[in-house]
Amino acid sequence: MSTGDASYAPALEGHVSGARRRFAVVVSRFNAQVTETLLHGAMGGLLEHGVTRDAVDVFWVPGAWELPQAVGWLANRGDYAAILALGCLVRGHTAHFELIAAEVARGLADAARVSGLPVAFGVLTTENREQAMERADPEHGNKGRETALAALEMAELRRRVEPRPDSGAR
């Protein structure tokens, strides 16, 4: 089944614009070489789709563990079309990786559900540093850019499906 099939509503792909919208990007400082590259890709994706640089607020947190809390605070502000969460977890020799990865994913999902705001998940969970660098590499489809595109599409979808104040919908 193709999203471009004529029997379905038109897909949002290729028609998404971030013009006149604000976005927040929350970035983990841990594994900064990777997360800075993800941020660069995310900013490129947003700017390519009409978002102006001054309409993007970037917030740094110590590590991936802190991403959900910061995203929750920002979601409650009410002035963003979407929030991007960028981080990188590299598997080690203990269960720490699994615990952090699961709780970060759960926390970001909870922030999205509770706020109703799109939260784009750009947290890499990799086996090693080389794999992380490859997923952040612009030549191999920077995951930060992909996160920005998901945030843009979800912000547009939210705009289209949310009841309008004068619609009488409950």
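**Notebook: a four-strand sheet and its helices**

I started with strand β1 (residues 23–28), and found that β1 pairs with strand β2 (residues 56–61) in the parallel sense, over 6 bridges. I then traced how the chain gets from β1 to β2: the path goes through helix α1 (residues 32–48), and this β-α-β crossover is right-handed. A reminder to myself: the model is a predicted one.

**Entry: one residue pair at a time**

I picked Val27 and looked for what stands opposite. In β2 I found Trp60 facing Val27. In strand β3 (residues 82–90), the bridge partner of Val27 is Leu86. I also checked Ala24, which stands opposite Ile83 in β3. These last two pairs fit with what I noted next: β1 and β3 pair in the parallel sense too, over 5 bridges.

**Entry: is β1 buried or exposed?**

I went through β1 and counted 6 of its 6 residues as buried, so to speak of it as mostly covered rests on the cut-off of under 20% relative accessible area. Then I looked at the two faces. On one side sit Phe23, Val25 and Val27, on the other Ala24, Val26 and Ser28, and all of them are buried.

**Entry: the whole sheet**

In which order do the strands of the sheet lie? I read β2-β1-β3-β4, an open sheet of 4 strands with parallel pairing. The edges are β2 and β4 (119–126), each of which pairs on one side only. From one strand to the next I get an average twist of 15°.

**Entry: helices against the sheet**

Next I wanted to know which strands α1 touches. My list has β1, β2, β3 and β4, so α1 packs on the sheet, with contact taken as heavy atoms within 4.5 Å. The direction of α1 makes about 155° with that of β3. I did likewise for helix α5 (residues 143–161): α5 lies across β1, β3 and β4 and runs at about 150° to β3.

**Entry: helix α2**

I listed the buried residues of helix α2 (residues 67–77) and got Leu67, Pro68, Ala70, Val71, Gly72, Leu74 and Ala75. What do they pack against? I found β1, β2, β3 and β4, plus helix α3 (96–115). Just after α2 comes Gly78, and I noted that its phi is positive, near 85°.

**Entry: α2 beside α3**

How do the axes of α2 and α3 cross? They come within 8 Å and cross at roughly 10°. I can therefore call α2 roughly parallel to α3, since angles under 35 degrees count that way. From α2, the contact is made by Leu67, Pro68, Val71, Gly72 and Ala75. From α3, I wrote down Glu103, Val104, Gly107, Leu108, Ala111 and Ser115. The five names from α2 also turn up in my list of its buried residues, which includes Leu67, Pro68, Val71, Gly72 and Ala75.

**Entry: stepping back to the chain**

I counted elements for the whole chain: 5 helices and 4 strands. From the N terminus on, they run β-α-β-α-β-α-β-α-α. The chain has 170 residues, and buried ones make up 40% of them. I also looked at how far apart in the sequence the contacting residues are. Among contacts with a separation of 6 or more, 79% come from residues 24 or more positions apart. Last, I took the accessible surface of the chain, which comes to about 9,800 Å², with 54% of it belonging to carbon and sulfur atoms.

Technical notes
Residues are numbered from 1 along each chain as its sequence is written. This is a predicted model: local features need pLDDT of at least 70, side-chain atom pairs count only at pLDDT 80 or more; totals for chains, interfaces and linings use all residues. Side-chain values use heavy atoms; hydrogens and water are left out. Buried means under 20% relative accessible area, exposed over 50%, partly exposed in between (1.4 Å probe, protein chains only). Two strands pair if DSSP finds at least two bridges between them. A crossover is right-handed if, with the strands pointing away from the viewer, the path from the first strand over the helix to the second runs clockwise. Axes are lines fitted to C-alpha atoms, for helices over the stretch in contact, and angles run from 0 to 180 degrees between N-to-C directions. Accessible areas come from the Shrake-Rupley method with a 1.4 Å probe; for residues, only the protein chains shown count as cover. Angles under 35 degrees count as roughly parallel, over 145 as roughly antiparallel, 65 to 115 as roughly perpendicular and the rest as oblique.
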